[in-house]
Amino acid sequence: DRRATSALLAVLAAVKEFGVAITRPVGAPAGNLATYIEVPFLLGEGKLIPDGLLRVTRGKTSWTALVEVKTGAGVLNREQVESYLDVARIEGFDAVLTISNELAPAPGVHPVTVDGRKTRKVALHHLSWAEVLTHAVRTRVHRGVADPDQAWILGELIRYLEHPKSGALD
C-alpha cells in the first residue's frame, strides 16, 4: 500500500493535469496541489495515520482530504474509514478519499457503508485503481500533458500501475 500511495501522491503533485483529473471530480478547486504521506493525527487516546493527505489551495481557498489506500485483495474497513471521517471533521478537512480495488455498487456510492452522521460535514469519495489508471491514461493520451518531463513521469506511473506486482489491478 505504501509504495502505491507514494507513487500516486508524488505524481499527483508533479503532473498538474493529472492532479486536477483526480481531485476536481471529488470536490477540489483547481489550484496548487500539495501531497503528504502518512501524516499522524490524534483521536481520543489513539494515534491514526492515514496513508496520505491532499491539499489544494487557490488564493485563500483551501480544500483538504485524507487518503486511505488498499492494494491487491486489501479491503476497506468500516471502523477505519469512520475514524478518518472523525479526524477530518475535527481538523476541518473537506473529504476522505479511499482508493482500492473494490468497486462501488453505483456511481457516487461508497463501497463501505458508514454511519450517515459521519458524512454530514465531511464528504466521502472512492476511486478504484482501475479509475485511477483510466484517468492517468486519459490525461496522458487524450488530454495531453504540457511538459514532456511530466508526461514521462505520468507514463511511468501508468507502467507501474499496470504491473501485476503493484497490486493496483487485482
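User: Contact here means heavy atoms within 4.5 Å. On that basis, which residues in H2 meet H1?

Analyst: The model is predicted. From H1, the residues involved are Leu8, Val11, Leu12 and Ala14. Their partners in H2 are Lys16, Phe18, Gly19 and Ile22.

User: How do the axes of H1 and H2 stand to each other?

Analyst: Helix H1 covers residues 2–14, and its axis comes within 5 Å of that of H2. The two axes cross at roughly 110°. Angles of 65 to 115 degrees count as roughly perpendicular. H1 and H2 are therefore roughly perpendicular.

User: How many residues in the contact of H1 with H2 are nonpolar?

Analyst: One residue of this contact is charged and one is polar. The nonpolar residues number six.

User: What is the relation of H2 to H4, oblique or parallel?

Analyst: H2 spans residues 16–23 and H4 spans residues 129–143. Their axes lie 10 Å apart, at an angle of about 135°. Angles over 145 degrees would count as roughly antiparallel, and 65 to 115 as roughly perpendicular. The angle fits neither class, so H2 and H4 are oblique.

User: Which hand does the crossing of H2 and H4 have?

Analyst: Glu17, Phe18, Ala21 and Ile22 in H2 meet a set in H4 that includes Val132 and His135. The contact residues divide into five nonpolar, two polar and two charged. The crossing is right-handed.

User: What span should helix H3 have at 1.5 Å a residue?

Analyst: H3 runs over residues 78–91, which is 14 residues. The expected span takes 1.5 Å times one less than the number of residues. The end C-alpha atoms agree with the expected value, which is 20 Å.

User: Which elements cover the buried residues of H3?

Analyst: The buried residues in H3 include Val81, Glu82, Tyr84 and Leu85. Asp86, Val87 and Ala88 are also among them. The cover includes strands S2, S3, S5, S6 and S7.

User: Is Val114 buried or exposed?

Analyst: Val114 sits in the loop between strand S6 (95–100) and strand S7 (123–128). Its relative accessible area is 16%. The cut-off for burial is under 20%, so Val114 is buried.

User: How far apart are the C-alpha atoms of Val114 and Arg78?

Analyst: Beyond its neighbours within four places in sequence, Val114 is in contact with residues including Arg78, Val81 and Leu124. Arg78 is 36 residues from Val114 along the chain. Their C-alpha atoms are separated by 6.3 Å.

How values were computed
Residues are numbered from 1 along each chain as its sequence is written. This is a predicted model: local features need pLDDT of at least 70, side-chain atom pairs count only at pLDDT 80 or more; totals for chains, interfaces and linings use all residues. Side-chain values use heavy atoms; hydrogens and water are left out. Axes are lines fitted to C-alpha atoms, for helices over the stretch in contact, and angles run from 0 to 180 degrees between N-to-C directions. Helices (H or I, at least four residues) and strands (E, at least two) are DSSP runs, numbered from the N terminus. Angles under 35 degrees count as roughly parallel, over 145 as roughly antiparallel, 65 to 115 as roughly perpendicular and the rest as oblique. A crossing is left-handed if the near helix is turned anticlockwise from the far one by less than a right angle, and right-handed if clockwise. Ala, Val, Leu, Ile, Met, Phe, Trp, Tyr, Cys and Pro count as nonpolar, Asp, Glu, Lys and Arg as charged, and the others, Gly among them, as polar. Buried means under 20% relative accessible area, exposed over 50%, partly exposed in between (1.4 Å probe, protein chains only).
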